[in-house]
Amino acid sequence: MLDGKKMLFSGMQATGNITLGNYLGALKNWVNLCDEYECFYCVVDLHSITVRQEPAELRKRARNLLMLYIAAGIDPEKNCLYYQSHVSGHAELGWILNCFTYMGELNRMTQFKDKSAKHADNINGGLYTYPVLMAADILLFQSDVVPVGADQMQHLELTRDIAQRFNNVYGDVFTIPEAYVGKAGARIMSLQDPTKKMSKSDENPNASIYIMDDRDTIIRKFKRAVTDSDTRIIYSEDKPGIRNLIDIYSVASGKTIAEVEKEFDGKGYGDFKLAVGETVADVLEPIHKRFDELSKDKAYVDGIIKANAEKAGYIANKTLRKVQKKVGFPERIR
Ligand code: TYM
């Protein structure tokens, strides 16, 4: 609790291009949560180096992501937006929690299995213990709720298990976090293979809409989206292509699935794909504009980065000191 509000934490990796899946599944849902919660939104750059990064590029992407948080409507005066690498408590608590996590648990993580298949030449220890660092992110802020898309649920379950295990030994140290899944958009799928999630790391650029794609590109990618042989716009489990487009249109337009089906009753895939493309482009346009403005205002963005890192560091340190004392590290002499 801070100022009577429950704590909320979430983060996003600065790797690759941020996709429409990240926006609809995460960012868009984050915007208004500060009315109810004390919100911390982190750019998780420590997690990013589990896969090899070009340093200048990583720095640029991390800053762009922080600006994107603001451009998407997250008010930096009311939410704490910061880089994970600016708060050393993440790594320090991560180490301690490693000692409370079993290899059997980490072996079960599907994201580790997927990523190690993709990066077979660099299956490093960081990739393996990635979920423990994520647990540290969440527990450091005594988070009550964690908004995430469906793909991160397994990591959140592990976080709860680690916290519970620690509390069983040392008393009530950590708040046990709950998932906060947005009403819609929890799982946006690839436009080229709707059985796979839309992912920043997909090698086919037509599979994902990137938040920074221009209008023409967005419309072109939706036109090329893989759909099935039917022609009707109906939401059905065995039509994953059209179902995904209906999901996207529904979240982007704020209409229910039934309203979407009704709107396109009697129309074909071509009309529908165009409408989805135009609606998504309309949603992203103001974000592009705000992002451009922020890119030109270095002093403002720097000010946010400095102030928010201090705030996050202060809160993180309180938990870290408590944990260090519990596990038996010697007190600091001042
Ligand atoms: P990341 O960077 O892969 O994704 C950021 C957020 O976007 C959601 N997301 C999606 N939602 C719907 N459809 C999709 N296709 C889609 N793709 C991604 C993710 O669920 C996530 O909410 N490990 C995390 C980052 C992280 C984190 C944390 C999150 C590190 N520490 C602590 C929450 C709390 C990750 O790689 O997310």
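**Notebook: pocket, ligand and cavity**

Started with the largest pocket: 50 residues line it, and Gln111, Asp151, Gln152, Lys197 and Lys200 are the ones nearest its centre. Note to self: this is a predicted model.

Next I looked up which elements build that lining. Those giving two or more residues to the largest pocket are S1, H1, helix H2 (45–48), H6, H7 and strand S4 (145–147). For volume I have about 1,300 Å³ of space in the largest pocket. I also sorted its lining by residue class and got 17 nonpolar, 22 polar and eleven charged.

Then, what takes up the space of the largest pocket? The ligand does. I went on to its surroundings and found 27 residues around the ligand, with Tyr130, Asp137, Asp151, Ile188 and Lys200 coming nearest. So far Asp151 and Lys200 have turned up in my notes on the pocket centre and again in those on the ligand.

I checked the shell by class too: twelve nonpolar, ten polar and five charged residues surround the ligand. As for elements, strand S1 (6–12), helix H1 (20–30) and helix H7 (125–140) each put at least two residues into that shell.

Now the polar contacts. I looked at Lys200 and found a polar side-chain atom 2.6 Å from an oxygen atom of the ligand. With Gln13 the backbone is involved: one of its N or O atoms lies 2.8 Å from a ligand oxygen. Gly149 also uses its backbone, with a polar atom there 2.8 Å from an oxygen atom of the ligand. I then asked how much of the ligand the protein buries. Taken alone, the ligand exposes 710 Å², and the protein buries 97% of that.

Last stop, cavities. How many of 30 Å³ or more does the structure hold? I found one. About 40 Å³ of space lies in the largest cavity, and its lining consists of Gln111, Phe112, Lys115, Leu127, Tyr130, Pro131 and His155. Helix H6 (110–118) and H7 are the elements that give two or more residues to this lining. By class I have four nonpolar, two polar and one charged.

One cross-reference before I close the page. Gln111 lines the largest cavity and is also listed among the residues nearest the centre of the largest pocket. Tyr130 is another cavity-lining residue, and I had already written Tyr130 down as one of those nearest the ligand.

How values were computed. Residues numbered from 1 in each chain as written. Predicted model: local features only at pLDDT ≥ 70, side-chain atom pairs only at ≥ 80, totals over all residues. Heavy atoms only, no water. Near = heavy atom within 4 Å. Polar contact = N/O pair within 3.5 Å; in protein donor to acceptor, adjacent residues only side chain to side chain. Areas by Shrake-Rupley, 256 points an atom, 1.4 Å probe, with all protein chains shown as cover. 1 Å grid on protein atoms, 1.4 Å probe; cavity = no way out; pocket = protein on both sides within 12 Å on 5 of 7 lines; lining within 4 Å. Sits in = over half its atoms within 2 Å of the grid points. Helix = DSSP H or I, 4+ residues; strand = E, 2+ residues; numbered from the N terminus. Nonpolar A, V, L, I, M, F, W, Y, C, P; charged D, E, K, R; others polar. Points joined across faces, edges and corners; volume = space filled by probe spheres on them.
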